[in-house]
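This briefing is addressed to a structural biologist who has the sequence and coordinates at hand. Please consult both while reading.

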Amino acid sequence: MPYIEGDDLHPKSNVEKMAAGTPLNDSDREPWLEIVRKVAEQHTVEGQFNLGSEEEGRSERGCHGVVISCSALKRYYRDILRGRLKPASKDPSDERLPTHMEPPHPDVLPTYFVFIKGERQLILERMEKRPGHFMKAGMLDSQLNTLESPEGEEGVVVVSSEEDTESQVNRAKAEIGKMVGSWFLDFLDEV
């Protein structure tokens with residue numbers, strides 16, 4: 001499946017705000033979350049119709065999804081990403097998608113989350129090792145204060161930040177496979 005870094009989808013105003021050390025609020029994040037959902041929909045549709053090339057990592061059968069990393073800190077944010085609702089605020093000056101672009105029914109593109117659960121100190125150490133990233137380590141506490149743990153929500157897999165990446169990926173694939181069905185694991189083995 002194609003991989004997209006959600007931070008690359010932030011509007012310029014969000015990047016500037018975070019680079020200046022100012023935490024984002026709901027009205028900053030909402031348009032970005034809508035963009036993330038739309039990009040997921042677009043990549044999935046393109047993959048199903050086998051648009052794109054082998055060099056881009058698409059199989060001959062086409063892609064049946066996309067992996068996007070992002071900070072989906074609140075259940076409200078995750079519901080936007082699931083396609084279950086549009087953001088509450090509708091200030092016309094916001095960088096929003098047009099209102100006519102209603103999200104499709106969430107069953108059209110089911111969404112699953114992998115929550116990498118970790119202790120503050122470990123996360124901070126890893127953030128400090130990200131050279132050149134616009135979100136500085138000093139903003140970690142604002143994110144942790146905003147976080148509403150997704151543990152126990154439908155469609156969420158929890159992995160430990162202390163596990164190595166390969167173990168996290170294997171656990172996520174196995175758990176999502178249980179939620180989706182065995183065809184998912186067979187598909188992943190083919191790509």
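The points below go from the overall fold to selected residues and their pairings.

The model is predicted. The protein contains seven helices and four strands, and 38% of its 191 residues are buried. A search of the whole structure finds 14 salt bridges, some of which are described under the last two headings.

**Overall architecture**

- Read from the N terminus, the elements follow the order β-α-α-β-α-β-α-α-β-α-α.
- Among contacts with a separation of 6 or more, 66% join residues that lie 24 or more positions apart.
- The exposed area of the protein is about 11,000 Å², and 53% of this area is supplied by carbon and sulfur atoms.

**A nonpolar surface patch**

- On the surface, M1, Y3 and V67 form a nonpolar patch; together these residues have about 280 Å² of accessible area.
- V67 belongs to strand 2, which spans residues 67-69.
- The relative accessible area of V67 is 41%, so V67 is classed as partly exposed.

**Surroundings of Y112**

- Y112 is located in the loop that runs between helix 3 (75-82) and strand 3 (113-117).
- With a relative accessible area of 32%, Y112 is partly exposed.
- Beyond its neighbours within four places in sequence, Y112 makes contact with G155, I176, M179 and V180.
- I176, one of these partners, is placed in helix 6, residues 165-180.
- I176 is buried because its relative accessible area, 12%, falls under the 20% cut-off.
- The C-alpha atoms of Y112 and I176 are 7.3 Å apart in space, although the two residues are 64 apart in sequence.
- I176 and G155 are separated by 21 residues in sequence, with 7.6 Å between their C-alpha atoms.

**Salt bridges of E153**

- Side chains of opposite charge can pair when their charged atoms come close.
- E153 forms a salt bridge with R75, in which the closest N and O atoms are 3.9 Å apart.
- This pair links distant parts of the chain, 78 residues apart: E153 is in the loop between helix 5 (140-146) and strand 4 (156-160), while R75 is in helix 3.
- E153 is buried, with a relative accessible area of 9%, whereas R75 is partly exposed at 39% relative accessibility.
- A salt bridge also joins the side chains of E153 and R78, with an N to O distance of 2.5 Å.
- Because E153 lies in the loop between helix 5 and strand 4 and R78 lies in helix 3, this pair ties together parts that are 75 residues apart in sequence.
- R78 counts as buried, at 1% relative accessibility.

**R84, D79 and the shared network**

- The side chains of R84 and D79 meet in a salt bridge, at 3.5 Å from N to O.
- R84 counts as partly exposed, at 41% relative accessibility, while D79 is buried with a relative accessible area of 13%.
- Through salt bridges that share partners, R75, R78, D79, R82, R84 and E153 are joined into one network.

Methods:
Residues numbered from 1 in each chain as written. Predicted model: local features only at pLDDT ≥ 70, side-chain atom pairs only at ≥ 80, totals over all residues. Heavy atoms only, no water. Helix = DSSP H or I, 4+ residues; strand = E, 2+ residues; numbered from the N terminus. Buried < 20%, exposed > 50% of the residue type's maximum accessible area, 1.4 Å probe, protein only. Contact = heavy atoms within 4.5 Å. Areas by Shrake-Rupley, 256 points an atom, 1.4 Å probe, with all protein chains shown as cover. Patch = residues over 30% accessible without salt bridge, like charges linked within 9 Å, V, L, I, M, F, W, Y side chains within 5 Å. Salt bridge = Lys/Arg side-chain N within 4 Å of Asp/Glu carboxyl O.
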